[in-house]
Amino acid sequence: MVQACLDEVRFGGFIEWRPNDPDCYEMLPAQRWNGLWEHGWEWTNFCPEPAITCDWMAKRGIWLEFAENIEMDDNLPDGIHRIEFVGRRTKVPGNFGHTASYNHLMIVDQIISLEPVNVQR
(Lines give C-alpha, C1' and ligand atoms only; values in the text may rest on other atoms or scores of the structure.)
Protein backbone atom coordinates (compact mmCIF):
# COMPACT_ATOMS: atom_id res chain seq x y z
CA MET A 1 0.00 0.00 0.00
CA VAL A 2 1.34 3.45 -0.86
CA GLN A 3 2.22 5.88 1.91
CA ALA A 4 -0.67 8.32 1.29
CA CYS A 5 -3.23 5.55 1.86
CA LEU A 6 -1.39 4.26 4.92
CA ASP A 7 -1.50 7.78 6.35
CA GLU A 8 -5.25 8.02 5.70
CA VAL A 9 -5.82 4.82 7.66
CA ARG A 10 -3.50 5.92 10.47
CA PHE A 11 -5.12 9.32 10.89
CA GLY A 12 -8.69 8.71 9.73
CA GLY A 13 -9.18 5.15 10.89
CA PHE A 14 -10.36 2.21 8.86
CA ILE A 15 -13.59 4.06 8.02
CA GLU A 16 -11.44 6.11 5.62
CA TRP A 17 -9.79 3.07 4.04
CA ARG A 18 -10.70 2.19 0.46
CA PRO A 19 -9.48 -1.43 0.18
CA ASN A 20 -9.96 -1.72 -3.60
CA ASP A 21 -8.71 1.74 -4.58
CA PRO A 22 -6.04 1.25 -7.27
CA ASP A 23 -4.41 4.52 -6.24
CA CYS A 24 -3.47 2.86 -2.95
CA TYR A 25 -1.33 0.13 -4.54
CA GLU A 26 1.56 -0.17 -6.93
CA MET A 27 0.06 -1.32 -10.23
CA LEU A 28 1.66 -2.88 -13.30
CA PRO A 29 1.53 -0.72 -16.44
CA ALA A 30 -1.71 -0.96 -18.42
CA GLN A 31 -1.71 -3.77 -20.96
CA ARG A 32 -4.15 -5.79 -23.04
CA TRP A 33 -5.77 -8.77 -21.26
CA ASN A 34 -8.01 -11.62 -22.46
CA GLY A 35 -9.81 -14.22 -20.43
CA LEU A 36 -12.91 -15.22 -18.57
CA TRP A 37 -14.76 -13.03 -16.12
CA GLU A 38 -17.08 -14.82 -13.73
CA HIS A 39 -19.20 -12.55 -11.57
CA GLY A 40 -22.23 -12.41 -9.33
CA TRP A 41 -23.49 -10.95 -6.10
CA GLU A 42 -20.46 -9.95 -3.96
CA TRP A 43 -17.88 -11.62 -6.19
CA THR A 44 -16.04 -10.97 -9.43
CA ASN A 45 -13.16 -13.11 -10.65
CA PHE A 46 -10.95 -12.71 -13.72
CA CYS A 47 -9.11 -15.73 -15.14
CA PRO A 48 -6.58 -14.73 -17.82
CA GLU A 49 -6.06 -16.80 -20.94
CA PRO A 50 -5.32 -19.65 -21.42
CA ALA A 51 -7.94 -20.43 -18.73
CA ILE A 52 -10.88 -22.45 -20.04
CA THR A 53 -12.80 -22.28 -16.75
CA CYS A 54 -13.02 -19.66 -14.04
CA ASP A 55 -14.15 -21.07 -10.71
CA TRP A 56 -14.01 -18.29 -8.14
CA MET A 57 -14.17 -20.77 -5.26
CA ALA A 58 -11.28 -22.96 -6.47
CA LYS A 59 -8.50 -20.55 -5.50
CA ARG A 60 -7.72 -16.98 -4.69
CA GLY A 61 -8.09 -15.18 -7.99
CA ILE A 62 -8.13 -11.68 -9.43
CA TRP A 63 -10.81 -9.25 -8.20
CA LEU A 64 -11.95 -7.32 -11.29
CA GLU A 65 -13.12 -3.71 -10.97
CA PHE A 66 -13.96 -1.15 -13.64
CA ALA A 67 -12.50 2.36 -13.81
CA GLU A 68 -14.96 5.17 -13.10
CA ASN A 69 -15.08 6.17 -16.79
CA ILE A 70 -16.34 2.70 -17.86
CA GLU A 71 -20.08 2.56 -18.47
CA MET A 72 -21.48 -0.89 -17.72
CA ASP A 73 -24.95 -2.21 -18.51
CA ASP A 74 -26.86 -2.21 -15.20
CA ASN A 75 -28.75 -5.28 -16.41
CA LEU A 76 -25.67 -7.38 -17.20
CA PRO A 77 -26.61 -10.85 -15.97
CA ASP A 78 -24.44 -12.70 -13.47
CA GLY A 79 -22.40 -15.49 -14.97
CA ILE A 80 -19.35 -15.99 -17.16
CA HIS A 81 -18.25 -13.57 -19.86
CA ARG A 82 -15.34 -13.69 -22.26
CA ILE A 83 -13.64 -10.32 -21.89
CA GLU A 84 -10.85 -8.46 -23.63
CA PHE A 85 -9.71 -5.18 -22.15
CA VAL A 86 -6.87 -2.80 -21.38
CA GLY A 87 -6.19 -2.77 -17.67
CA ARG A 88 -3.82 -2.69 -14.72
CA ARG A 89 -3.13 -5.35 -12.07
CA THR A 90 -1.53 -4.98 -8.67
CA LYS A 91 2.19 -5.62 -8.82
CA VAL A 92 2.33 -7.86 -5.76
CA PRO A 93 -0.28 -10.22 -4.29
CA GLY A 94 -2.37 -8.99 -1.39
CA ASN A 95 -5.86 -9.34 0.03
CA PHE A 96 -8.47 -7.78 -2.23
CA GLY A 97 -12.19 -7.94 -2.95
CA HIS A 98 -15.02 -9.32 -0.89
CA THR A 99 -13.73 -10.67 2.44
CA ALA A 100 -10.19 -9.89 1.19
CA SER A 101 -10.05 -13.31 -0.46
CA TYR A 102 -8.41 -12.45 -3.79
CA ASN A 103 -4.68 -12.31 -4.58
CA HIS A 104 -4.82 -9.36 -6.96
CA LEU A 105 -6.87 -6.32 -7.87
CA MET A 106 -7.37 -5.69 -11.61
CA ILE A 107 -8.73 -2.40 -12.96
CA VAL A 108 -10.35 -2.35 -16.41
CA ASP A 109 -9.52 0.98 -18.08
CA GLN A 110 -11.03 0.19 -21.51
CA ILE A 111 -13.28 -2.66 -22.62
CA ILE A 112 -12.44 -4.04 -26.06
CA SER A 113 -15.03 -6.84 -26.10
CA LEU A 114 -17.43 -8.49 -23.69
CA GLU A 115 -19.53 -11.53 -24.62
CA PRO A 116 -21.53 -13.98 -22.49
CA VAL A 117 -20.33 -17.59 -22.39
CA ASN A 118 -23.05 -20.20 -22.66
CA VAL A 119 -22.44 -22.88 -20.06
CA GLN A 120 -23.93 -26.34 -20.49
CA ARG A 121 -24.80 -27.89 -17.11
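# A guided tour of a five-stranded barrel

Select Arg-32 first: opposite this residue, in strand 4, stands Val-86. The model on the screen is a predicted one. Arg-32 and Val-86 serve here as the entrance to the sheet, and the tour proceeds from this pair.

**The whole chain**

Before moving on, display the entire chain as a cartoon. The chain contains one helix and five strands, and along the sequence these elements follow the pattern α-β-β-β-β-β. The chain has 121 residues, of which 36% count as buried. If a surface is drawn, about 7900 Å² of the chain is exposed, with carbon and sulfur atoms supplying 52% of that area. Among contacts with a separation of 6 or more, 61% are between residues 24 or more positions apart.

**The barrel**

Now colour the strands individually. In what order do the five strands close into a barrel? The order is 1-2-3-5-4, and the pairing is mixed. Neighbouring strands of this sheet are turned by 55 degrees against each other on average, if direction is ignored. Strands of a sheet pair through backbone hydrogen bonds, in either a parallel or an antiparallel manner.

**Strand 1 and its two partners**

Select residues 31-40, which form strand 1. Is this strand mostly covered or mostly exposed? Strand 1 is mostly covered, with seven of its ten residues buried.

Add residues 79-89, which are strand 4. Strands 1 and 4 run antiparallel and are joined by nine bridges. The opening pair, Arg-32 and Val-86, links these strands; a further pair to show is Asn-34 with its bridge partner Glu-84 in strand 4.

Next, add residues 43-48, which make up strand 2. Strand 1 pairs with strand 2 in the antiparallel sense over six bridges. Two pairs may be highlighted: Trp-37 has Phe-46 of strand 2 as its bridge partner, and His-39 stands opposite Thr-44.

**The turn at Glu-42**

Follow strand 1 into strand 2. The two strands form a hairpin with two residues between them. Select Glu-42, which is found in the loop between strand 1 and strand 2. Although Glu-42 is not a glycine, its phi is positive, at about 70 degrees. Glu-42 counts as partly exposed because its relative accessibility is 37%.

**Two residues of strand 2**

Centre the view on Thr-44, which has its place in strand 2. Thr-44 counts as buried because its relative accessibility is 8%, and the limit for that term is under 20%. Show the side chains around it. The side chain of Thr-44 makes a polar contact of 2.6 Å with the side chain of Trp-37. A polar atom of the Thr-44 side chain also lies 3.3 Å from the backbone oxygen of Leu-64. Beyond its neighbours within four places in sequence, Thr-44 is in contact with residues including Glu-38, Ile-62, Trp-63 and Tyr-102.

Move to Asn-45, also in strand 2. Asn-45 is buried, with a relative accessible area of 2%. Which backbone nitrogen lies 3.0 Å from a polar atom of the Asn-45 side chain? That backbone nitrogen belongs to Ile-62.

**A cis peptide bond**

Continue past strand 2 to Pro-50, which lies in the loop between strand 2 and strand 3 (62-66). The peptide bond joining Glu-49 and Pro-50 is cis, with omega at about 20 degrees.

**Strands 4 and 5**

Return to strand 4 and select residues 104-116, which form strand 5. Nine bridges join strands 4 and 5, which run antiparallel. Phe-85 and Ile-111 in strand 5 stand opposite each other.

**The nonpolar cores**

Nonpolar side chains tend to be buried together in soluble globular proteins. To view the largest nonpolar core here, select its twelve residues: Cys-5, Cys-24, Tyr-25, Met-27, Trp-43, Trp-63, Ala-67, Ile-70, Phe-96, Tyr-102, Leu-105 and Ile-107. Within this set, centre on Trp-63. Leaving out residues up to four places away in sequence, Trp-63 touches Asn-20, Glu-42, Trp-43, Thr-44, Phe-96, Gly-97, His-98, Tyr-102, His-104, Leu-105 and Met-106. Two stops of this tour, Glu-42 and Thr-44, thus reappear among the residues that Trp-63 touches.

For the last selection, show Leu-64, Ile-83, Phe-85 and Met-106. These belong to a second, separate core of nine residues. Leu-64 has been met before, through its backbone oxygen and the Thr-44 side chain, and Phe-85 through its place opposite Ile-111.

Note on methods. Residues are numbered from 1 along each chain as its sequence is written. This is a predicted model: local features need pLDDT of at least 70, side-chain atom pairs count only at pLDDT 80 or more; totals for chains, interfaces and linings use all residues. Side-chain values use heavy atoms; hydrogens and water are left out. Helices (H or I, at least four residues) and strands (E, at least two) are DSSP runs, numbered from the N terminus. Buried means under 20% relative accessible area, exposed over 50%, partly exposed in between (1.4 Å probe, protein chains only). Contact means heavy atoms within 4.5 Å. Accessible areas come from the Shrake-Rupley method with a 1.4 Å probe; for residues, only the protein chains shown count as cover. A nonpolar core is a set of buried Ala, Val, Leu, Ile, Met, Phe, Trp, Tyr and Cys residues joined through side-chain atoms within 4.5 Å. A polar contact is a pair of N or O atoms within 3.5 Å; within protein, one must be able to donate a hydrogen and the other to accept it, and residues adjacent in sequence count only if both atoms are side-chain atoms. Two strands pair if DSSP finds at least two bridges between them. Axes are lines fitted to C-alpha atoms, for helices over the stretch in contact, and angles run from 0 to 180 degrees between N-to-C directions.
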